Amino acid sequence: MTTIRKFCCNDLLEITPILMDQYNEHHKSADTRTLSWYMSTIAIWSKYFLVAEAPGNRIMGFNVAKVGGNDLSKCCQIAHVAPYIRYYRSADLVRMFVENIEVTADKIDKVFYLEMLVRSVNNQKINLFERLGFVCYDQGEDRLSLQKHLPRLTEYQAHMTNLVQQKLQQPEASNTGPSVPPST
């Protein structure tokens with residue numbers, strides 16, 4: 001049985017094999033994070049820094065996300081979703097992580113969408129996230145932006161559409177000024 005829990009500082013030692021796994025995209029990526037980046041992320045965004053544990057407290061994978069933007073651009077940016085693919089089925093872990101992120105982002109931080117940047121050559125990851133409801137947008141060069149709109153955005157768009165339709169259906173007020181009763 002897999003357990004999802006918050007990340008703690010001691011887990012940094014446990015995730016090293018995941019980060020260094022030769023099959024993992026993060027090992028090949030040019031944006032490898034430093035220890036100070038992980039420590040500051042734990043301090044600020046602890047609710048989005050999660051690990052999956054197998055029985056016996058063995059780390060199966062981890063994820064990191066943070067909230068950014070404001071108003072309609074308020075989104076939850078997923079920095080890492082890293083299952084330990086040598087030993088565990090990655091698609092199931094990724095689905096579990098994304099579901100946890102989605103619930104937290106929607107219910108607590110009230111964001112409009114989830115976003116993740118992916119290397120454009122990583123077809124396996126792109127296909128996996130598309131199956132989870134993400135839509136692929138071009139980010140330029142070798143990156144793609146995968147986005148998943150949350151119900152809040154759809155509700156907001158429907159509300160705004162209704163307001164515009166109501167405004168268009170209202171009769172225009174006459175510009176003749178206040179009506180004056182005829183004199184007798």
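This section describes the fold, nonpolar cores, salt bridges and selected residue environments of a predicted model.

The secondary structure of the protein consists of 6 helices and 7 strands. Along the sequence these elements are arranged as β-α-α-α-β-β-β-α-β-α-β-β-α. Of the 184 residues in the protein, 38% are buried. The accessible surface amounts to about 11400 Å², and carbon and sulfur atoms account for 53% of that area. When contacts between residues at least 6 apart in sequence are considered, 62% of them join residues at least 24 apart.

One pair that is distant in sequence but not in space involves helix α1, which spans residues 11–20 and contains I18. The C-alpha atoms of I18 and G61 are separated by 7.1 Å, while the two residues lie 43 positions apart in sequence. I18 has a relative accessibility of 0% and is therefore classed as buried.

The largest nonpolar core comprises 28 residues, and the members that touch the most others are C76, L114, F129 and F134. Two or more residues of this core come from each of β2 (50–54), β3 (58–68), β4 (75–83), α4 (90–107), β5 (113–119), α5 (123–131) and β7. The greatest contribution is that of α4, which supplies 6 residues. Beyond its neighbours within four places in sequence, F129 is in contact with V81, V94, V98, M116, F134 and L146. Another core, of 14 residues, lies apart from the one just described; L12, Y38, I59 and A82 are among its members.

Strand β7 covers residues 143–149 and includes Q147. The relative accessible area of Q147 is 15%, so this residue counts as buried. With neighbours within four places in sequence set aside, the contacts of Q147 are Y113, L114, E115, G133, F134, V135 and Y137. Two of these residues, L114 and F134, are also named among the core members that touch the most others. Within strand β7, the side chain of Q147 makes a polar contact of 3.4 Å with the side chain of S145.

Side chains of opposite charge can pair when their charged atoms come close. The model contains 6 salt bridges. In one of these, the side chains of E53 and R5 meet with an N to O distance of 2.9 Å. E53 belongs to strand β2 and R5 to strand β1 (residues 3–6), so this salt bridge ties together parts of the chain that are 48 residues apart in sequence. The two partners fall into separate accessibility classes: E53 is buried because its relative accessibility is 12%, whereas R5, at 23%, is partly exposed.

A second salt bridge links D109 and K47, with 3.1 Å between the closest N and O atoms. D109 is located in the loop between α4 and β5, and K47 in the loop between α3 (35–44) and β2, so the pair ties together parts that are 62 residues apart in sequence. Here the acidic residue D109 is buried, at 14% relative accessibility, and K47 is partly exposed, with a relative accessible area of 30%.

A further salt bridge is formed by the side chains of D106 and K107, with an N to O distance of 3.8 Å. D106 has a relative accessibility of 12% and counts as buried, while K107 reaches 57% and counts as exposed. Salt bridges with shared partners also join R5, D11 and E53 into one network.

On the surface, L72, Y156, M160 and L163 make a nonpolar patch of about 320 Å². One of these residues, M160, is located in helix α6, which runs over residues 151–169. The relative accessibility of M160 is 33%, so M160 is assigned to the partly exposed class.

How values were computed
Residues numbered from 1 in each chain as written. Predicted model: local features only at pLDDT ≥ 70, side-chain atom pairs only at ≥ 80, totals over all residues. Heavy atoms only, no water. Patch = residues over 30% accessible without salt bridge, like charges linked within 9 Å, V, L, I, M, F, W, Y side chains within 5 Å. Areas by Shrake-Rupley, 256 points an atom, 1.4 Å probe, with all protein chains shown as cover. Salt bridge = Lys/Arg side-chain N within 4 Å of Asp/Glu carboxyl O. Helix = DSSP H or I, 4+ residues; strand = E, 2+ residues; numbered from the N terminus. Buried < 20%, exposed > 50% of the residue type's maximum accessible area, 1.4 Å probe, protein only. Contact = heavy atoms within 4.5 Å. Polar contact = N/O pair within 3.5 Å; in protein donor to acceptor, adjacent residues only side chain to side chain. Core = buried A, V, L, I, M, F, W, Y, C linked by side-chain atoms within 4.5 Å.
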